[in-house]
Amino acid sequence: MFRTLEDLDVKDKRVLVRVDFNVPVKDGRVGDDTRIRAALPTLETLASRGATLVLMSHLGRPKGVDESARMRPVAARLEELLGRDVRYLACDGPGSPEEEAFVRDAPHGSVTMLENTRFDARETKNDPALARILAGYADVFVNDAFGSAHRAHASTEGVARLLPSAAGHLLEQELRALGKLLERPEHPFAVILGGAKVSDKIGVISNLLEVADRILIGGAMAFTFVAAQGGNVGASRVERDQFDTARDLLAQAEEKGVSVVLPEDSVCARELAEGVETAVYPTHAIPEGMLGLDVGPRAIDAYRKALEGTHTVFWNGPLGVFETPPFDAGTVAIAQTVAELPAFTVVGGGDSVAAVNGTGLADRIGHISTGGGAALEFLEGKTLPGVAALES
Ligand code: ADP
Ligand code: MG
């Protein structure tokens, strides 16, 4: 088991916290601040227990120092949300001498936001020298950056090996919710998988076949499954090099007694554009030149039936091109169904979470995972290096 905030004594200590403040920034202002808000419980707990806080995060993918990727707007937004001063110094990164001096001068009980960890090339290499500098900034380390837990970087894995460490509330919540899916899901357990590519999701599908009772497949991914079985999917997006994999996954499902629901029909159009003329066809008989862009009404009915009576649901991947109406209809319909289920429901994945947030139903989902890549790797059964480093 990983350690949590309950296991750490932070009174009068300096606490280095790895947060995921990788938020959209435009014209020097933070756009969607969900990730900053998500870290507040951990920061407030630590502050109320008398800790001095030193926070670090990456922002974007800068190659070295980059004016457009400074943490200044993030520090400013955090200051508003926390309602207290946040110290920040624009510099060459958390490994620079200026930053070291700035951290040394931090008054007792203050909050300091370090510069973008990725300004230092040693960060993504998990360089021990950078990890040692970061560890020197504090007495204890808290990791609350679930979205970065699948990367072994100096600010996630390296530093955790050098200081007494624990998971923050957000990381703990993620690990408990996702862990429940793999370890002790209440059955029946249904998994809804959509999105762009089968190749992105093979690991997740095969691992979840071990624990799920039903798998509902939609999105572009479904066409690869249907075409692999000899269906005509028109001009829909298909991965020919995944046909064997798709057939193999279906065979594994059958062997394990997992029922698979593929979309019986699809909403199609000649081109992908907002408000184009659409037609519904059986997914295995889409006319030449037509693109399948959303699941059809029969498919939605079948998914709803398959979700009835379930006690656990995990959903990754939009069921259609939800960015372009009317091809969001299937995704919205299933979001409504999932929100109404009296089940433990989890949504994970960057686009899936955006889609569910867009419906306004997010607060009726049991758990919304903040880490796309990390959540999928966790559900593939992989060990997340940032978490392994916190294990006692
Ligand atoms: P997530 O980020 O939640 O893991 P993915 O990245 O796998 O999800 O997939 C999301 C993308 O899949 C969206 O951009 C969506 O438009 C696309 N998609 C879904 N259905 C289709 C379809 N029928 N044809 C083409 N693209 C699709
Ligand atoms: Mg995505």
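Visitor: Which residues are closest to ligand 1, and how many residues surround ligand 1?

Guide: In this predicted model, 18 residues surround ligand 1, and the closest are Lys201, Asn316, Glu323, Asp351 and Ser352.

Visitor: Which atoms of Lys201 and Glu323 face an oxygen atom of ligand 1, and at what distance?

Guide: For Lys201, a polar side-chain atom is placed 2.7 Å from an oxygen atom of ligand 1, while for Glu323 a polar side-chain atom stands 2.5 Å from an oxygen atom of the ligand. The backbone takes part in this list too, since a polar backbone atom of Ala196 is 3.1 Å from an oxygen atom of ligand 1. As for cover, ligand 1 has 590 Å² of accessible area on its own, and the protein covers 85% of that area.

Visitor: Turning to the chain itself, where do the domains begin and end?

Guide: The protein chain is divided into domain 1, which runs over 5-172, and domain 2, which runs over 185-379. Taken over C-alpha atoms, the centres of the two domains are 36 Å apart, and their contact draws six residues from domain 1 and seven residues from domain 2.

Visitor: How should I read the area buried between domain 1 and domain 2?

Guide: The general idea is that the size of an interface is often given as the accessible area lost when the parts come together. Here the area buried between domain 1 and domain 2 is about 550 Å², with carbon and sulfur atoms giving 65% of it. On the side of domain 1 that touches domain 2, the residues divide by class into two nonpolar, two polar and two charged.

Visitor: How many salt bridges and how many residue pairs in polar contact are found between the two domains?

Guide: The count of salt bridges between domain 1 and domain 2 is zero, and across their interface the rule likewise finds zero residue pairs in polar contact, with both residues required to be at pLDDT 80 or more.

Notes:
Residues numbered from 1 in each chain as written. Chains lettered and ligands numbered in written order. Predicted model: local features only at pLDDT ≥ 70, side-chain atom pairs only at ≥ 80, totals over all residues. Heavy atoms only, no water. Domains from an automatic or database assignment. Contact = heavy atoms within 4.5 Å. Buried area = accessible area lost by both parts, 1.4 Å probe. Salt bridge = Lys/Arg side-chain N within 4 Å of Asp/Glu carboxyl O. Polar contact = N/O pair within 3.5 Å; in protein donor to acceptor, adjacent residues only side chain to side chain. Nonpolar A, V, L, I, M, F, W, Y, C, P; charged D, E, K, R; others polar. Near = heavy atom within 4 Å. Areas by Shrake-Rupley, 256 points an atom, 1.4 Å probe, with all protein chains shown as cover.
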